[in-house]
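User: I would like to go through the strand arrangement of this model, one question at a time.
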Amino acid sequence: MFHLHTGEAIPTIGLGTFGSDKYGPNEIAEAVYGAIRSGYRLIDCASVYGNEDKVGAAIERAVKEGAVRRDELFINSKVWNDMHGRDDPMLSLAKTLKDLRVDYVDCFFVHWPFPNYHAPGCDGDSRNPDSVPFRTERFLATWREMERLYRLGLTRCLGMSNMTIPKLEAILPCCEVKPALIEMEMHPSFQQKELFDYCVACGIQPVGYSPIGSPSRPARDRAPEDVVDCEMPELVSIAKAHNVHPALVCLKWQVGRGSIPIPFSVKPEQYEANLRAATTDPLTEDEMRVMSTLDRGCRLIKGQVFLWPGANGWEDLWDLDGEITL
Ligand SMILES: NC(=O)c1ccc[n+]([C@@H]2O[C@H](COP(=O)([O-])OP(=O)(O)OC[C@H]3O[C@@H](n4cnc5c(N)ncnc54)[C@H](OP(=O)(O)O)[C@@H]3O)[C@@H](O)[C@H]2O)c1
C-alpha cells in the first residue's frame, strides 16, 4: 500500500481497463471480475474506454459474491475531453457512477488537460478543427467543478493525467483541492524522472500507465523508432535473474520507485503474475540502478489527435521547452 496526502491508502498495483481497440468490454469485465477474485483492489477505469457498464456489473458481481467489500476497492474513473467546463464533469460522473454501480469513485481524474474531442478509435492523422491549446483559466473552470464533486462526496479524491511540470506550476497554486494522484505514461524506456520527482515533491502520488510499454497499443500510437521495453538486454538479464517474464521487471521497477503501475491484461496467468510481481521479490538496489539507465525518452502515447490548428506537432502537447505551449 502507498499513502495519499488525503490519508487514504492505495494499493501498489492496479488493473487497467483500456482495451486498446483490441479487447472488447465483455472480455475486460471478465478480467476485472477475475482480477478482484485474485486479489486486485485497484481498478483503473475511464468513461472513454466504453466499458464502464460491463466493468460495473463485474464489480457488483464480485461484491455480491462476498469476494470483496466496496470499501476495500479503489476505483478510478476519468472525465473525457468533451466533458470539460462547468456542469459537464458532474454529468460525466453521474453516468460513470450509474455504469459502475457505485455511490462514489475513489479518484476522479481529468483525463487530458485539453477539451479536445476526437472519436474513439479514429486514426492517428485525424484532427478536430475545433481543438484548442491549454489555457490555465479554462482548465481551472473544469477543476472547480471537480472540486465540487469531491465536496459532495462523489469522489474520495481528485486526479490529473497527462500533465506537464509547466501546466502543474500554473494550476497547483490555484487548486482548492490538491490532486492526490497524477497518471502519466511510465515504463523503463520512458521514465519521466523530472515529472515523477516534481509530483513526489508536491505530495502527489504518481500512477504509471502503459507500464509494460503497451505492447498491444493501437496502430495510431505506434512509430518505427519506438523502443520495445521487454526486449531491452539489461532488462531481459534482470528478468532471467528473477526467473520471470521481462514484463514483470517493468512492474517491479515501478513499485520499487514508489509509483503505482496499472498494467492491462485479460489473461489470468498474466494479471495474476503481475499482482505477484508487484508484491513479492523486489528488485535489488543494484538492479534498480541499472533500470534507471534505461530511459530512452520514448513516449508512446503522443496524443497527436488532440492537436489544435496551427500546432507544430505532438511535442506541443508536452511543453518540451519548459513553458506552456500556446
Ligand atoms: N491516463 C491515460 O491517459 C492512460 C493512457 C493509456 C493507458 N492508461 C491506463 O493504463 C492501462 C495500461 O496501459 P496499456 O494497456 O496501454 O499498456 P500496458 O499495461 O503496458 O500493456 C498491456 C499489454 O501488456 C501485455 N502484458 C500484460 N501483462 C503481461 C505479462 N505478465 N506478461 C507479458 N505480457 C503482458 C498484454 O499484451 P497481450 O495483449 O499481447 O497479451 C497487455 O495487453 C490502461 O488499461 C489504462 O487503464 C491510461
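User: In what order do the 8 strands of the open sheet stand?

Analyst: This is a predicted model, in which local features need pLDDT of at least 70 and side-chain atom pairs count only at pLDDT 80 or more, while totals for chains, interfaces and linings use all residues. Residues are numbered from 1 along each chain as its sequence is written. With strands taken as DSSP runs of E of at least two residues and helices as runs of H or I of at least four, numbered from the N terminus, and with two strands paired if DSSP finds at least two bridges between them, the pairing is parallel and the order is β3-β4-β5-β6-β7-β8-β9-β10.

User: Which strands stand at the edges?

Analyst: Each edge strand has a single partner strand, so one side of it is left without a neighbour in the sheet. The strands in this position are β3 (15-16) and β10 (260-261).

User: How many residues of strand β5 (residues 74-79) are buried?

Analyst: A residue is buried if 20 or more other C-beta atoms, placed from the backbone, lie within 10 Å of its own, exposed if 12 or fewer, and partly exposed in between. F74, N76 and K78 point one way from β5, whereas I75, S77 and V79 point the other way, and all are buried. The strand is thus mostly covered, and the number buried is 6 of its 6 residues.

User: Which residue in β6 stands opposite S77?

Analyst: β5 and strand β6 (residues 105-110) run parallel and are joined by 4 bridges. Opposite S77 in β6 stands F108.
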